[in-house]
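Here's a walk through one structure, with a stop at ring pairs, a helix packing and a single side chain. Have the model open alongside.

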Amino acid sequence: MENITAMQSMLIALWVGAVMSRAFLGGATLTLRFSPLMTGLIAGIVMGDVQQAMIITAAIQLIYMGVFSPGGTMPSEPSIAAAIAVPVALMGNLQPEAAIAVAVPVGLLGAYLYQFRFFINTFLGKYTDKAVEDLNDGAIVRSIILYPTIASFLLFVPLVFIALYFGAPVIADVITALEGTVVFHILTVVGGGLAAIGIATTIYVIGRKDYMVFFLLAYLMSVVLSSLSITMVTYAIIGALIAAIFVLAKGQGAKAAPASAGSASLDDDDDDDF
């Protein structure tokens, strides 16, 4: 098993620091934080195995489907989870289900770390108050954007680097040693179950029972057509076409309803004349 290098650990840690500090500004950083996909891609590029990294990350993504962030807080941090779990899985040659079992506790610890970031920002808020009192535009910008970003980098980068460089090889060795045991089987089963919970959460968030038929159709297609080795891209295209047909049909029905109502109103007027 090839261990992760200091350079690889630092590159992934810097990416996590940029995501968690919102260094990219705007909604782009929030999207990167709420989904592990881009972090998994970066980890795959750094580790030199993009294909397997994305397979693992796609499995991790399932557990975060439907998860939202009220007030900016999340029960788990997908970016941090992927940053640790993907390198561990690549080094230990783990199945995606086992990687999920690694990602979940790491993501929970990442959520506590993000809360600590809020605590640090309470001290930085004093600089904002002073800048507002002095009507200093430059100081306001620095206190709102620059200082919190630097503080987040100082918080996340060293900790993620230590977790990757020193912790990831140990975790990979332990899980590799457990391969073939009951414990490893339990990790795999639990990981697969967590993915199902993510899908169930998405259905609950959608909250439309009349749309359940589309989920059942997709599941049935994946089972019936499994022998054809259809890719996810093909399924995505089919899903987009079905969604487009549904929207067009729904739009035509909405247009037909007012027309029918108008015709009925004219008929009533004609009856009144008699």
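Start in helix 6, which covers residues 96–134. Tyr-114 and Phe-118 both sit in this helix, 4 residues apart, or about one turn. Keep in mind that you're looking at a predicted model. How buried or exposed are these two residues? Tyr-114 has 0% relative accessibility, so it counts as buried. Phe-118 comes out at 27%, and is therefore partly exposed.

A bit further along the numbering, Phe-119 and Phe-123 are also 4 residues apart in helix 6, so about one helical turn separates them. Their ring centres lie 5.2 Å apart with the planes at 85°. Angles over 60 degrees count as edge-to-face, so that's the label for the Phe-119 and Phe-123 pair. As for accessibility, Phe-119 is at 45% and counts as partly exposed; Phe-123 has a relative accessible area of 45% and is partly exposed too. Now bring Phe-116 into view: ring pairs join Phe-116, Phe-119 and Phe-123 into a cluster.

How many aromatic pairs are there in total? The count comes to 6. Among them is the pair of Tyr-114 and Phe-118, whose rings are 5.0 Å centre to centre with 75° between the planes, an edge-to-face arrangement.

Next, swing over to helix 1 (residues 6–20) and helix 3 (residues 37–47). Their axes are 10 Å apart and the packing angle is about 160°. Anything over 145 degrees counts as roughly antiparallel, which is why helix 1 and helix 3 get that description. The crossing of helix 1 past helix 3 is right-handed.

Which residues make this contact? From helix 1 come Gln-8, Leu-11, Ile-12 and Trp-15, and from helix 3 come Met-38, Thr-39, Ile-42, Ala-43, Val-46 and Met-47. Sorted by type, the residues in the contact of helix 1 with helix 3 are 8 nonpolar and 2 polar, with no charged ones.

The last stop is Thr-149, in helix 7, which runs over residues 137–178. Is Thr-149 buried or exposed? Its relative accessibility is 18%, and since buried means under 20%, Thr-149 counts as buried. What does Thr-149 touch, leaving out residues up to four places away in sequence? Thr-149 touches Ser-21 and Ala-23.

Conventions:
Residues are numbered from 1 along each chain as its sequence is written. This is a predicted model: local features need pLDDT of at least 70, side-chain atom pairs count only at pLDDT 80 or more; totals for chains, interfaces and linings use all residues. Side-chain values use heavy atoms; hydrogens and water are left out. Axes are lines fitted to C-alpha atoms, for helices over the stretch in contact, and angles run from 0 to 180 degrees between N-to-C directions. Helices (H or I, at least four residues) and strands (E, at least two) are DSSP runs, numbered from the N terminus. Angles under 35 degrees count as roughly parallel, over 145 as roughly antiparallel, 65 to 115 as roughly perpendicular and the rest as oblique. A crossing is left-handed if the near helix is turned anticlockwise from the far one by less than a right angle, and right-handed if clockwise. Contact means heavy atoms within 4.5 Å. Ala, Val, Leu, Ile, Met, Phe, Trp, Tyr, Cys and Pro count as nonpolar, Asp, Glu, Lys and Arg as charged, and the others, Gly among them, as polar. Rings of Phe, Tyr and Trp (its six-membered ring) pair if their centres lie within 6.5 Å; planes under 30 degrees apart count as stacked, over 60 as edge-to-face and the rest as tilted. Buried means under 20% relative accessible area, exposed over 50%, partly exposed in between (1.4 Å probe, protein chains only).
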